Amino acid sequence: MKNGLIWFCRIAVGLLFIFSGLIKINDPLGFSYKLEEYFEVFHITFLNNLALTSAILLCSLEIILGFALLIGVRAKQVAWGLLLLIIFFAFLTFYSAYFKVVQTCGCFGDAIPLTPWQSFSKDLVLLLLIIVLFINRKIITPLFSAKTGDQLLYGSAVIAVLLGLYTYNFLPVIDFLPYKIGANLPEEMKTPPGAKPDEFEIDYNLKNKKTGATKSMTDKEYLSTNIWKDNNWEVIGTPESHLVKKGFTPKIIDLAIQDAQGNNYTQELLSNPFYNLVIVAYDLTKTNNDAINRINALSLNLIQNYNVRTVLLTSTAPGNATAFAKQHHLLAEVFYADGVPLKTMVRANPGIFLLKNGTVINKWHYHSLPAYDNLVKDYLQHQ
């Protein structure tokens with residue numbers, strides 16, 4: 001009975017840690033953005049430069065510990081590692097939930113979005129399972145000899161880190177984001193007819209000027225009781241709004257493309273029936289200049305031979321972006337959007353999209369830019 005319980009905990013915890021690590025290491029740059037949010041909450045933004053390295057190492061550690069637990073290698077050290085890691089995760093998710101600071105924890109990346117309270121509940125269940133393993137750490141039986149177990153452990157560590165480096169340098173293996181290949185961006189931004197939006201409720205804190213009595217009520221009660229007509233009652237502080245019922249939310253809600261004068265070009269660019277080359281460089285001060293030059297050469301051929309409209313999307317200030325465009329003799333039209341959707345579009349700075357009728361035909365990291373001849377052969381000669 002006891003051995004059965006230990007094996008259940010080993011399998012459940014091991015697989016969940018491996019799954020969680022793999023999901024996040026599939027998109028280490030996205031997880032690093034989440035870590036930067038936590039760094040900001042705890043006022044340790046000086047660690048932002050270490051966010052990407054921390055993301056890869058933390059995800060790798062989850063995979064390594066989960067795999068080590070399954071094969072039973074170094075059980076005592078693994079049990080301690082699991083316990084400390086889950087306590088750390090539980091603290092972060094509780095802090096996020098209670099203080100309402102980071103509203104998606106990133107536990108399973110963008111594949112399975114969880115609220116902070118859902119994440120905290122998950123961590124509590126894992127904590128209970130890990131406590132069982134920790135108490136019984138001395139009787140966790142290995143599946144292999146000590147030497148073989150160590151070799152497998154070192155192998156898993158190398159594979160995990162290499163996977164993180166690969167997905168950082170060549171985009172996620174599986175794209176869970178709304179800008180994935182095949183997605184039609186205008187459709188992702190629409191709300192279907194009849195779909196109900198989020199339902200919110202406003203709470204008022206009131207105080208009676210004469211008696212000093214206080215009470216709280218919702219906006220519906222505030223209006224229905226006509227207390228707002230009673231001059232003896234005054235609103236204290238700022239009314240607080242909270243979500244009562246979750247409604248339909250489009251997958252893309254924050255994309256607005258503008259020119260330097262603030263004119264909106266979102267619809268025009270996303271409804272173009274012809275091929276468009278979209279260069280995404282959310283921060284031109286941190287972009288790869290060599291890649292920009294190579295993309296510019298690619299743009300020149302596409303514009304001259306196939307009249308492909310080429311645009312650059314950035315969140316860099318217009319003045320700086322204009323200077324950058326002149327310095328690099330950019331052929332692309334420069335437009336502006338918020339940095340958050342640009343970081344979501346493609347996990348690279350810069351990266352490129354091939355769009356047609358608002359549909360993402362393909363996307364590339366700057367490390368894997370397509371050759372002009374391949375673009376023509378695969379797409380343009382068939383249009």
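Guide: Contact here means heavy atoms within 4.5 Å. With that in hand, the predicted model above can be read.

Visitor: Among contacts in the protein chain between residues at least 6 apart in sequence, what percentage join residues at least 24 apart?

Guide: The figure is 73% for this chain.

Visitor: How many helices and strands does the secondary structure of the protein chain come to?

Guide: The chain has 13 helices and 9 strands. Its C-alpha trace spans about 80 × 70 × 40 Å along the principal axes.

Visitor: What share of the residues is buried, and what area does the chain expose?

Guide: Of the 383 residues in the protein chain, 44% are buried. The chain exposes about 20500 Å², and 60% of that area is supplied by carbon and sulfur atoms.

Visitor: What describes two packed helices?

Guide: The general description uses the angle between the two axes and the distance between them. Here, helix H4 (residues 75-99) packs with helix H5 (residues 116-135) at an angle of about 160 degrees, and their axes are 9 Å apart. H4 is therefore roughly antiparallel to H5, since angles over 145 degrees count as roughly antiparallel.

Visitor: In which crossing does H4 pass H5, and how many nonpolar, polar and charged residues has their contact?

Guide: The crossing of H4 with H5 is left-handed. Sorted by class, their contact has 19 nonpolar residues, 3 polar and 1 charged.

Visitor: Now the backbone. What is the general pattern for phi and for peptide bonds?

Guide: Phi is negative in most residues other than glycine, and most peptide bonds are trans. The cases below are read against that pattern.

Visitor: Which residues does a cis peptide bond join?

Guide: Asn349 and Pro350 are joined by a cis peptide bond, with omega at about 15 degrees. Pro350 sits in the loop that runs between helix H12 (339-345) and strand E8 (351-356).

Visitor: Where is Asn307 found, and what is its phi?

Guide: Look in the loop between helix H10 (289-306) and strand E6 (309-314) for Asn307. The phi of Asn307 is near 50 degrees, a positive value in a residue other than glycine.

Visitor: Is Asn307 buried or exposed?

Guide: Asn307 has a relative accessible area of 67%, so this residue is exposed, the cut-off being over 50%.

Visitor: What is the phi of Asn357, and where does this residue lie?

Guide: Asn357 is not a glycine, yet its phi is positive, at about 55 degrees. Asn357 lies in the loop between E8 and strand E9 (359-365). With a relative accessible area of 41%, Asn357 is partly exposed.

Technical notes. Residues numbered from 1 in each chain as written. Predicted model: local features only at pLDDT ≥ 70, side-chain atom pairs only at ≥ 80, totals over all residues. Heavy atoms only, no water. Axes fitted to C-alpha atoms, helices over the stretch in contact; angles between N-to-C directions. Helix = DSSP H or I, 4+ residues; strand = E, 2+ residues; numbered from the N terminus. Parallel < 35°, antiparallel > 145°, perpendicular 65-115°, else oblique. Left-handed = near helix turned anticlockwise from the far one by under 90°. Nonpolar A, V, L, I, M, F, W, Y, C, P; charged D, E, K, R; others polar. Buried < 20%, exposed > 50% of the residue type's maximum accessible area, 1.4 Å probe, protein only. Areas by Shrake-Rupley, 256 points an atom, 1.4 Å probe, with all protein chains shown as cover.
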